[in-house]
Amino acid sequence: LKELNEKFNLPTIILENKNYKQYIKEGNDNPFRQASIIITSMNFASRMKNDIKSVPWDMVVIDEAHKLRNAYRPSNRMGQAIKWAVEDCKKVLVTATPLQNSLLELYGLSTIIDERLFGDIKAFRSQFINDNDVDELRERLKYFCQRTLRSQVIEYVRYTERKAITRPFSPGGDEQKLYEAIAKFLQREDNYAIPRRQRTLTTLVLWKLLASSSTAVAGTLMTMKDRLEKMRDELTADDDIALSIIEQEEMEADLLDEEMDEIEAEDSADTTATTTALNKRKLEAEIAELEGYIKQAQNIGTDSKSESLLTALEVGFQELKKMGANRKALIFTESRRTQDYLFGFLEAHGYKGRLVLFNGSNTDPLSRDIYTQWLEANIDSDRISGSTTADKRVALIEHFRDHADIMIATESAAEGINLQFCSLVINYDLPWNPNRIEQRFGRIHRIGQTEVCHLWNLVSAETREGMVFQRLFQKLEEERNALGG
């Protein structure tokens with residue numbers, strides 16, 4: 001909104017739930033029908049599909065379009081809703097990451113534009129996946145896919161140098177013991193703690209937590225133990241209780257959306273009844289087993305990964321000082337619990353008063369105070385958009401720019417924000433998707449950046465995350481083969 005107003009003088013409205021309801025109260029029966037550019041989220045657009053469908057849009061621009069890569073699947077409710085709502089409109093899909101895991105995602109994006117571009121999915125799969133006809137795929141793509149590489153615009157845009165550094169660390173003895181014990185637990189198929197109907201998703205979350213922090217692991221294990229105790233008290237195996245494992249962990253919603261589509265079919269294929277007889281003795285043993293893991297996790301205290309982060313920050317800030325760059329670092333984690341833990345840990349190790357958090361809700365006390373102060377400072381300006389979500393993000397970014405050394409962020413900060421004043425990104429947790437790394441780095445390595453940009457990845461070869469790290473680069477090579485460049 002800010003850029004459209006300042007650079008192009010275009011009237012723009014951010015439409016979200018709160019002001020949508022206000023427009024309705026004021027007598028506007030369809031707030032999407034206004035004489036201005038409307039900006040809204042994909043989730044809200046999918047919910048308001050009927051309103052959007054009824055407007056004769058001149059153009060629909062879908063940013064971060066890769067989120068609709070599975071729109072061809074009937075199970076993909078958001079993609080199906082948006083595709084239906086804008087099927088009669090001219091559309092431009094914009095993404096820096098058209099491929100995530102499979103060539104089928106190109107097919108999915110093409111169906112947003114036109115269902116007939118590639119024929120049906122069987123034909124696409126046969127020709128371009130089974131027969132691997134890469135030349136024909138590129139030929140077909142060129143009629144509706146425009147790919148611009150950095151190398152093509154260096155005459156007009158100055159991109160600074162990029163440096164990627166892998167900082168390996170080795171877990172301590174207690175950490176490795178805990179990792180191996182829980183890894184074996186996750187591989188068992190007869191445990192009650194991981195519900196049958198959501199086994200793949202729950203296991204995925206837990207694998208990620210194992211590589212994140214002992215604090216995140218302990219918190220989620222306690223949630224699982226509480227579930228088992230409830231099952232014991234009620235003597236029923238209700239899989240619906242399992243939802244709380246993921247909800248209470250509070251992994252970022254967009255991160256889960258990314259993977260939900262990939263595993264949805266596998267989890268939904270299990271039609272086993274959700275209520276079964278329980279072996280109380282086995283259940284009690286499993287509760288005791290989880291209690292043991294929880295104590296192990298809580299006794300670890302400061303883990304080796306945290307110590308590695310301190311070293312990375314110290315070395316990184318020294319490097320920035322040599323370059324004359326701003327003393328700024330953007331740290332990414334994939335767990336809210338780990339984010340909170342890192343905030344306390346860094347406060348206790350010399351960074352008190354120099355931190356800011358950024359996540360999907362931004363409702364912590366510090367973020368609320370920053371937002372309140374920003375509102376007071378801008379009360380007489382036209383910078384307040386009326387969208388609490390958008391304004392709060394601006395407030396946190398400006399606080400990072402003007403007052404803080406470090407922003408600790410979840411995946412919510414990987415898209416849609418500009419941090420050219422920062423030149424160091426540290427992946428405390430690695431995403432299990434190659435393009436997520438590029439998206440994160442793209443927050444700082446973008447137009448307007450004047451410094452050499454550093455990307456540091458904290459990786460332990462002794463974990464599954466280390467193996468995933470190697471697989472990430474294989475996937476990037478597959479993308480280069482399909483799209484060229």
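## Helices α17 and α18

Let's start with a helix pair: helix α17 (residues 365–377) and helix α18 (residues 388–402) have axes that come within 9 Å and cross at roughly 95°. At that angle, α17 is roughly perpendicular to α18. From α17, the contact takes in Ser367, Ile370, Tyr371 and Trp374. On the α18 side it draws on Thr388, Asp391, Lys392, Val394, Ala395, Leu396, Glu398 and His399. Sorted by class, the residues of this α17–α18 contact comprise 6 nonpolar, 3 polar and 3 charged.

Please keep in mind that this is a predicted model.

## Helices α10 and α11

Here is another pair to look at. Helix α10 (residues 199–210) and helix α11 (residues 214–234) cross at roughly 145°, with axes that come within 8 Å. Their crossing is left-handed.

Which residues in α10 and α11 meet? Leu206, Leu209 and Leu210 are the ones in α10, and they meet Ala216, Val217, Thr220 and Met224 in α11. The contact of α10 with α11 has 6 nonpolar residues and 1 polar residue, with no charged residues.

## The enclosed helix α6

Helix α6 (residues 104–113) is largely enclosed by the rest of the structure, because 9 of its 10 residues are buried. The buried residues in α6 are Leu104, Glu105, Leu106, Tyr107, Gly108, Leu109, Ser110, Thr111 and Ile112.

## The six-stranded sheet

Now for the strands. The model has an open sheet of 6 strands with parallel pairing, and following the order across it gives β5-β10-β9-β6-β8-β7. Its edge strands, β5 (162–168) and β7 (355–358), each pair on one side only. On average, neighbouring strands of this sheet are turned by 20° against each other, direction ignored.

Within the sheet, strand β6 (residues 329–332) pairs with strand β8 (residues 406–409) in the parallel sense, over 4 bridges. Leucine 330 stands opposite methionine 407 in β8.

## Helices on the sheet

Which strands does helix α15 (residues 304–323) touch as it packs on the sheet? They are β5, β6, β8, β9 (424–427) and β10 (453–459). The direction of α15 makes about 165° with that of β10.

Helix α18, met above in its contact with α17, also lies across strands: β6, β7 and β8. It runs at about 150° to β7, one of the edge strands of the sheet. So α18 brings the two parts of this tour together, since its axis crosses that of α17 at roughly 95° and the helix lies across β6, β7 and β8.

Technical notes: Residues are numbered from 1 along each chain as its sequence is written. This is a predicted model: local features need pLDDT of at least 70, side-chain atom pairs count only at pLDDT 80 or more; totals for chains, interfaces and linings use all residues. Side-chain values use heavy atoms; hydrogens and water are left out. Axes are lines fitted to C-alpha atoms, for helices over the stretch in contact, and angles run from 0 to 180 degrees between N-to-C directions. Angles under 35 degrees count as roughly parallel, over 145 as roughly antiparallel, 65 to 115 as roughly perpendicular and the rest as oblique. Contact means heavy atoms within 4.5 Å. Ala, Val, Leu, Ile, Met, Phe, Trp, Tyr, Cys and Pro count as nonpolar, Asp, Glu, Lys and Arg as charged, and the others, Gly among them, as polar. A crossing is left-handed if the near helix is turned anticlockwise from the far one by less than a right angle, and right-handed if clockwise. Buried means under 20% relative accessible area, exposed over 50%, partly exposed in between (1.4 Å probe, protein chains only). Two strands pair if DSSP finds at least two bridges between them.
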